[in-house]
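Here is a short tour of the model, written to be read with the viewer open. Rotate as you go, and follow the chain from one pairing of strands out to the whole fold.

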Amino acid sequence: MDYKTAVKQIDKGQFAPVYVCYGSESYLIRELINRLTDKLALPEHKAFAVSRYDLTETPVEAVIEEAETLPFMVPNKVVVANNALFLTGAKENGKVEHKLDRLTDYLKTPVDFSIIVFTVDADKLDERKKIVKALKEANALIPCTALSADELAHWVNQEADKTGISLAPGVAEQLILYTGTNLQALAQELEKCALYIGRGGTITSADLEQLVTRSIEQNIFQLIEHIVQVELDQAFTLLNELLRRKEEPIKIVMLIARQFRIMFQVKDLMQQGYSQQQIAGQIGLHPYGVKIAAGQAVKFELKRLAHILQQLGDLDYQMKSGKIDKVLGLEMFLLKLAS
């Protein structure tokens, strides 16, 4: 079952007896659990409606026993069991032994007053395992993996609607560029925007400039974007702002090199016929980061990117060995890059 289908069913009051939420997007996992508890219990009764276990410390049979125990003061309950590493191919370091046959039997005859939610921070489960196959047959597996670039922008606009505000054209993408791809951080920035603009308002690009504090990584994204678009005034203004904040020039060079390395990898793999989604998995980067890098890499030939990386390596050596003033070296590099 995909995440959207699971959420739609929960919103309609249709619940599965067992869910397995796996993937790196912990925000989506929390959202699904919150939707379940919101549907099943009043806010004042949530303490009685939710039980939580850590499967590195508690055997799975204890979770099943909890699910089979009648709820207290509420008609239904949610049993959350985190770190279900036995569903993956990873080696378990804990001393807890899980009787997985107990879970297999439960899947055949689950109780109707409890919902079990297993969570695990892993992008893939080991489908060779008997228990994973049983959970798949029960339609319990819900991937909570990184959203694609288009899905992420759509998600931002949806979250803005939930907070009662709208975003001007291009602002969703700008927010992602400034904040990064972490859903929790994006949600927090949208809440800040909602408090600033008020319900029914529209956030513009100028509003975002005032409200969102960019990390140095996001500033480097923007710095390179200015260079790519030959916007030297904006590039040097941003560089001076970073230096004014006491950011170390060597660190700035390292982050610039990281972005150009990503651009090189993305362009190389795209020329080999890989899709952006495939590249994201190949180099371990969020799909939105791949989309940004692909757009920036369009301006450069592959040989040019390799040469730039060599220049950055030389600049790093000269800075660290004291052969060039750090700030002057950075400024000269940016001028050469834009020429």
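Asp54 has Asn82 as its bridge partner in strand 3. In this predicted model, that pair sits within a wider match: strand 2, residues 50-54, and strand 3, residues 77-82, run parallel and are joined by 5 bridges. To get from strand 2 to strand 3, the chain passes through helix 4, residues 60-68, and the resulting β-α-β crossover is right-handed.

Helix 4 deserves a closer look. Which of its residues are buried? They are Val60, Glu61, Val63, Ile64, Glu66 and Ala67. An α-helix has 3.6 residues a turn, so residues three or four places apart point the same way. With that in mind, try viewing the helix end-on and picking out Val60, Val63, Ile64 and Ala67, which are among the buried residues. What covers the buried residues of helix 4? The cover includes both strands of the crossover, strand 2 and strand 3, together with helix 5 (100-108) and strand 4 (114-120).

Now for two residues further along the chain, set side by side:

| Residue | Helix | Relative accessible area | State |
|---|---|---|---|
| Gln174 | helix 8 (residues 171-179) | 11% | buried |
| Thr237 | helix 12 (residues 232-244) | 54% | exposed |

Why does Gln174 count as buried? Its relative accessible area is 11%, and buried means under 20%. Leaving aside neighbours within four places in sequence, Gln174 is in contact with Ser205, Leu208 and Glu209. Thr237 falls in the opposite class: at 54% it counts as exposed, because the cut-off for that class is over 50%. If you would like a distance to check in your viewer, take Thr237 and Ala187, which are 50 residues apart along the chain and have C-alpha atoms separated by 29 Å.

Stepping back to the whole chain, you will find 17 helices and 7 strands. The C-alpha atoms fill a box of roughly 70 × 50 × 35 Å along the principal axes. Of the 339 residues, 47% count as buried. Among contacts with a separation of 6 or more, 75% come from residues 24 or more positions apart.

The surface rounds off the picture. About 17600 Å² is exposed by the chain, and carbon and sulfur atoms supply 50% of that area. As for charge, there are 39 positive and 44 negative side chains, and the centres of these two sets lie 3 Å apart.

Notes:
Residues are numbered from 1 along each chain as its sequence is written. This is a predicted model: local features need pLDDT of at least 70, side-chain atom pairs count only at pLDDT 80 or more; totals for chains, interfaces and linings use all residues. Side-chain values use heavy atoms; hydrogens and water are left out. Two strands pair if DSSP finds at least two bridges between them. Helices (H or I, at least four residues) and strands (E, at least two) are DSSP runs, numbered from the N terminus. A crossover is right-handed if, with the strands pointing away from the viewer, the path from the first strand over the helix to the second runs clockwise. Buried means under 20% relative accessible area, exposed over 50%, partly exposed in between (1.4 Å probe, protein chains only). Contact means heavy atoms within 4.5 Å. Accessible areas come from the Shrake-Rupley method with a 1.4 Å probe; for residues, only the protein chains shown count as cover. Lys and Arg count as positive and Asp and Glu as negative; His and the chain ends are not counted. The place of a charge is taken as NZ of Lys, CZ of Arg, CG of Asp or CD of Glu.
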